[in-house]
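Thank you all for coming. I would like to walk through one structure with you this morning, and I will start with a single residue before widening the view.

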Amino acid sequence: MKLTLFLDHACNLRCSYCYTGRKMPKKMPVEVAHKAIDFGLSQVEKGWLLLALFGGEPLLDVELAERALEYAARSCRNAGVRLFTTLATNGTLLDDRRVELLKRYNFHVQVSLDGSREAQDACRRFADGRSSHAGIVDNLARLISEGFTPLVLSVIDPANVDHLADSFDFLLASGATHIHFAPNYTAPWDDAAWARFEAALTRLGDRYLFHTRAGREFRLDPLHGKIVTHLLPGSNETVICKFGQGDVAVAPSGRIYPCERLVGEDDREALCIGDLDRGLDLAKVQKFLAGRETDDPECADCEHKGRCKRWCGCANFETTGDPNQTSPLVCAFETAFIEEADRVAGALFEEKNPTFLKRYYVPRPKAS
């Protein structure tokens, strides 16, 4: 069971592409956090709870995060449930107290950083307009030095797309080894912007080749995921979002959504699937799930069907207004990523590149 606590609608950045809506000081009362954790535990079926902190910026009120985590740890111990933790942060507030909190609860940390200063400053500045780049880079280095292996999430936008390859270089040089470039689907991807994206993606693929040939170990998504789905047909099925079944997000109001990306300003009645007082609206959940079991006719005969993210309810909603309808834009991005992944993987396989073969063809020892 994955439970996301949307701790606050506030944030100290003003990212131009943010999908969580207007920033406002509306944080989750600690009583709601505790009630949400109780709800999450009531939904556990396999003996574990994945607790995710999200926002806004979830580390704005560190005391709230501490109290929620203390309650979650105690409640999970009492229930005989294993607790796992994850956090999505903008990386600006990682002081001693916050880093110690992340270490204490063994967090998997996702840091949002678009790469080079030029890429970051194009879209991710402080509310007063200042650059956020240097401080986040320092904090990323601190996390790595403290033993974390953070996932760096970088957004591809027309405003920063030309920096895609140099941002990858910059992040690798900064010590990041797990990097994910994610498109901003709501951006104005006109013909000119799309042409720039295609050129930038080719340059990114070339840098993937360069760094792999240099023996560097890293995971670069979405190329990594597209290579895996080629090697392991059907592996995409294991990550398809459940959209309210085994994965829910709770807003500060106590209202429940099928994904943290759909909370927005907590005013999307059509996407709200319940609240902590009444529980899940099971009829609504089943309606969503039934729709997700029906393939979009446009996808039925596509050669990339088993390798694309047509199932992502958030991406679909952002682009079509319907969690179950895939847009041509999502299709175009997925096709581009798959084709670029096949280009670089094919070249490295043909060369019998040892780093590439070790990455994808040598079985890893099982944990004891």
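Let us begin with Ser 112, which lies in strand E4, the stretch covering residues 108–112. Please keep in mind throughout that this is a predicted model, and that what I report is computed from it.

Is Ser 112 buried or exposed? Its relative accessibility is 14%, and because the cut-off for buried is under 20%, Ser 112 counts as buried. If we leave aside the neighbours within four places in sequence, Ser 112 is in contact with Thr 89, Asn 90, Arg 124, Ile 136 and Leu 153.

A second serine is worth setting beside it, namely Ser 167, which is found in helix H6. Ser 167 is buried, with a relative accessible area of 1%. Outside its neighbours within four places in sequence, the contacts of Ser 167 are Asp 114, Gly 115, Ser 116, Ala 119 and Phe 181.

Ser 167 also brings us to the subject of internal space. Rolling a probe the size of a water molecule over the atoms shows where empty space is left. How many cavities of 30 Å³ or more does the structure hold? There is one cavity of that size, and about 50 Å³ of space lies in the largest cavity. Its lining is made by Asp 114, Ala 119, Ser 154, Val 155, Ile 156, Asn 160, Val 161, His 163, Leu 164, Ser 167 and Phe 181. Two elements give two or more residues each to that lining, and they are strand E5, residues 151–156, and helix H6, residues 164–173. The largest share, three residues, comes from E5. Sorted by class, the lining has six nonpolar residues, four polar ones and one charged one.

Let me now turn to the nonpolar packing. In soluble globular proteins, nonpolar side chains tend to be buried together. Here the largest nonpolar core has 100 residues, and those with the most contacts inside it are Leu 5, Ile 37, Phe 181, Trp 189, Phe 197, Tyr 208 and Leu 220. Helix H2, residues 62–79, supplies the largest share of this core, nine residues. Apart from this core lies another one, of seven residues, among them Leu 13, Cys 15, Cys 123 and Val 155. You will have heard two of these names already: Phe 181 is among the residues with the most contacts inside the largest core and also lines the cavity, while Val 155 belongs to the other core and is likewise one of the lining residues.

To see how one core residue is surrounded, take Tyr 208. Neighbours within four places in sequence aside, Tyr 208 is in contact with Phe 168, Phe 218, Leu 220, Leu 223, Ile 227, Val 344, Leu 348, Phe 356, Arg 359 and Tyr 360.

Stepping back to the chain as a whole, we find 12 helices and 11 strands. The radius of gyration is 20 Å, close to the 21 Å that the globule rule gives for 368 residues, so the chain is as compact as a globular protein of that length. Along its principal axes, the C-alpha trace spans about 55 × 50 × 50 Å. Of the 368 residues, 53% count as buried. Among the contacts between residues at least 6 apart in sequence, 72% join residues at least 24 apart.

I would like to close with the loops and the backbone. Glu 269 sits in the loop between strand E9, residues 255–257, and strand E10, residues 274–275, and with a relative accessible area of 48% it is partly exposed. Not counting residues up to four places away in sequence, Glu 269 touches Arg 255 and Lys 284. From Glu 269 to Arg 255 the separation is 14 residues in sequence and 9.8 Å in space, C-alpha to C-alpha.

Most residues other than glycine have a negative phi, and most peptide bonds are trans. Where, then, does the backbone of this model depart from that pattern? The peptide bond from Asp 221 to Pro 222 is cis, with omega near 10 degrees, and Pro 222 is in the loop between strand E7, residues 219–221, and helix H8, residues 223–231. Asn 106, although not a glycine, has a positive phi of about 55 degrees; Asn 106 is in the loop between helix H3, residues 96–104, and E4, and is exposed, at 64% relative accessible area. Lys 352 also has a positive phi of about 55 degrees without being a glycine, and its place is in the loop between helix H11, residues 328–351, and helix H12, residues 354–361. Lys 352 is exposed, with a relative accessible area of 62%.

Definitions and conventions. Residues are numbered from 1 along each chain as its sequence is written. This is a predicted model: local features need pLDDT of at least 70, side-chain atom pairs count only at pLDDT 80 or more; totals for chains, interfaces and linings use all residues. Side-chain values use heavy atoms; hydrogens and water are left out. A nonpolar core is a set of buried Ala, Val, Leu, Ile, Met, Phe, Trp, Tyr and Cys residues joined through side-chain atoms within 4.5 Å. Buried means under 20% relative accessible area, exposed over 50%, partly exposed in between (1.4 Å probe, protein chains only). Helices (H or I, at least four residues) and strands (E, at least two) are DSSP runs, numbered from the N terminus. Contact means heavy atoms within 4.5 Å. On a 1 Å grid over the protein atoms alone, a cavity is a set of points where a 1.4 Å probe fits but cannot get out, and a pocket is an open set with protein on both sides within 12 Å along at least five of seven lines; lining residues have an atom within 4 Å of a point. Grid points are joined across faces, edges and corners, and a volume is the space filled by probe spheres set on the points. Ala, Val, Leu, Ile, Met, Phe, Trp, Tyr, Cys and Pro count as nonpolar, Asp, Glu, Lys and Arg as charged, and the others, Gly among them, as polar. The radius of gyration is taken over C-alpha atoms; the globule rule is 2.2 Å times the number of residues to the power 0.38.
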